[in-house]
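Please open the structure in your viewer and keep the sequence panel beside it. We will move from the whole chain to single residues, with a selection to make at each stop.

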Amino acid sequence: MDRGDRWKGRLTVRVTGGSPERFFNLCSFHGILLEYLEQTESGISFYMEAGEFFRAGRLAKKAGVKLRIIEKKGLPFWLRRSRKRTAFYAGILLCLGLLYVSSLFIWDIHMEGNLKYTDSTLLCFLEEQGYTHGMAKSGIFCEDIEKAIRNRYNDITWVSAEITGNRLIVQIKENELTEPEGETFPAVTTGDVTAKKSGKVVSVITRAGTPKVHTGDEVEAGQILISGTLDILDEGGNLLKTESVRADGDVIAATVYHYEEELPFASPVKHYTGEEKIRRYFWLFGKQVFLPGGKDHYDLSDQVDSYETLHLWGNFYLPLGFGSVTSREYQEAVLVLPPEKAKAEAEKRFEKYCEELAASGVTVKDASCTVETDGDSCTVTGTVHAEEAIGK
């Protein structure tokens, strides 16, 4: 059956009795197309267009033959058979329409690469900027999202936002090395390598530019270590010209870190009673619809919200899902440490501080601390002697 027959409908007809030859001649004279004629024991069968059957019926009377429909195929007959299933097919069309409409909106915002900042923190920030679940994709500008996150979080060095399907995927990279709080440095001069910390120079390796410090020199934060200007001299040591280059090199210096922290003997803590309640909900078009029961009646509790958005395939997410809110009851309590345990905890925190320095690329040469108790607290004071690359 060709494409035209699919739309117009095709009949398989059998002709019997009378004079079939005359019937065929009349059909040919009146432009009625009969195809695939086949002689059988019960008569002659052929294919014809459904719309020509009534014209052929009048010619059959003239020829004294009888026409009998053996088979019906094509869209008109399919629609006729499907009249009782109108609601079913209307539901299919409605479902397809809803899928198309939902594809125009963002139903899932996914974070990747974040370690320091939780998904909830970043999602709340995006919500403040106007980017929420259920918003139209046409209103999302990925460049604005990237710029806003970089401006808000200084230790996020790289951000990429893209729309895939009806998901907004935000990939970030956090700066693993952070500067101690309270230390600020002058802006870096273009082409120069400057000191980000004060210290005593241990070694200088220059790959490009002119070194301005030498082993044993004391340097201050912001001081030029390797200049971006290069003097070109002749054989007699006379200056021929000066070229500007991008300074490059490694300057290792001995540095000192000072550490101080006060640890009170008594500190507020949360004492969890072990009681918890779970409230389940449906996530529908960006809204939470809680199921009856399971309400939180605790005076003090922590809540953990977890949900899952349904999706059909890949990144095509639906505007619905399910989740739960778990409430864990706690009571406010006070943890009191004996002086001996408080002292041990203070020393442990200092050791952790040294480990974090080493993890950031600082070579710890010597570290020492003292712990003093005073009334209701103890204070740990420490000094760390280290070596590290101070150029930036």
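The tour below begins with the overall view and then goes on to a core and two residues.

**The whole protein**

Keep in mind throughout that this is a predicted model. Show the protein as a cartoon, in which you can look for eight helices and 21 strands. The radius of gyration is 41 Å, well over the 21 Å that the globule rule gives for 392 residues, so the protein is more spread out than a compact globule. Rotate the view with this in mind, since the C-alpha trace spans about 125 × 80 × 35 Å along its principal axes. If you then switch to a surface, you are looking at about 25,400 Å² of exposed area, of which carbon and sulfur atoms supply 52%, while 30% of the 392 residues count as buried. Colouring by charge brings out 47 positive and 58 negative side chains, and the centres of these two sets lie 23 Å apart.

**The largest nonpolar core**

Next, select Leu126, Ile145, Ile149 and Val170, which touch the most other members of the largest nonpolar core, a group of 21 residues. The elements that give two or more residues to this core are strand S5 (108–112), helix H6 (119–128), helix H7 (142–152), strand S6 (156–164) and strand S7 (167–174). Of these, H7 provides the largest share, with four residues. Which residues is Val170 in contact with, once its neighbours within four places in sequence are left aside? Its partners are His110, Met111, Glu112, Ile149, Val159, Ser160 and Ala161. Another core, made of 20 residues, lies apart from this one, and you can find it by selecting Leu11, Phe23, Cys27 and Ala60, which are among its members.

**Tyr36**

Now move to Tyr36, which has its place in strand S2 (residues 34–40). Is this residue buried or exposed? Tyr36 counts as exposed, because its relative accessibility is 62% and the cut-off for exposed is over 50%. Its backbone also deserves a look, as the phi of Tyr36 is near 55°, a positive value in a residue other than glycine.

**Gly382**

Finally, select Gly382 in strand S21 (residues 377–389). With a relative accessibility of 3%, Gly382 counts as buried. Draw a distance from its C-alpha to that of Tyr257, and you should find 8.2 Å in space, although the two residues are 125 apart in sequence. Leaving aside neighbours within four places in sequence, Gly382 is in contact with Tyr257, His258, Tyr259, Phe350, Ser368 and Cys369.

Terms used
Residues numbered from 1 in each chain as written. Predicted model: local features only at pLDDT ≥ 70, side-chain atom pairs only at ≥ 80, totals over all residues. Heavy atoms only, no water. Core = buried A, V, L, I, M, F, W, Y, C linked by side-chain atoms within 4.5 Å. Buried < 20%, exposed > 50% of the residue type's maximum accessible area, 1.4 Å probe, protein only. Contact = heavy atoms within 4.5 Å. Rg over C-alpha atoms; globule rule 2.2 N^0.38 Å. Areas by Shrake-Rupley, 256 points an atom, 1.4 Å probe, with all protein chains shown as cover. Lys, Arg positive; Asp, Glu negative; His and termini not counted. Charge placed at Lys NZ, Arg CZ, Asp CG, Glu CD.
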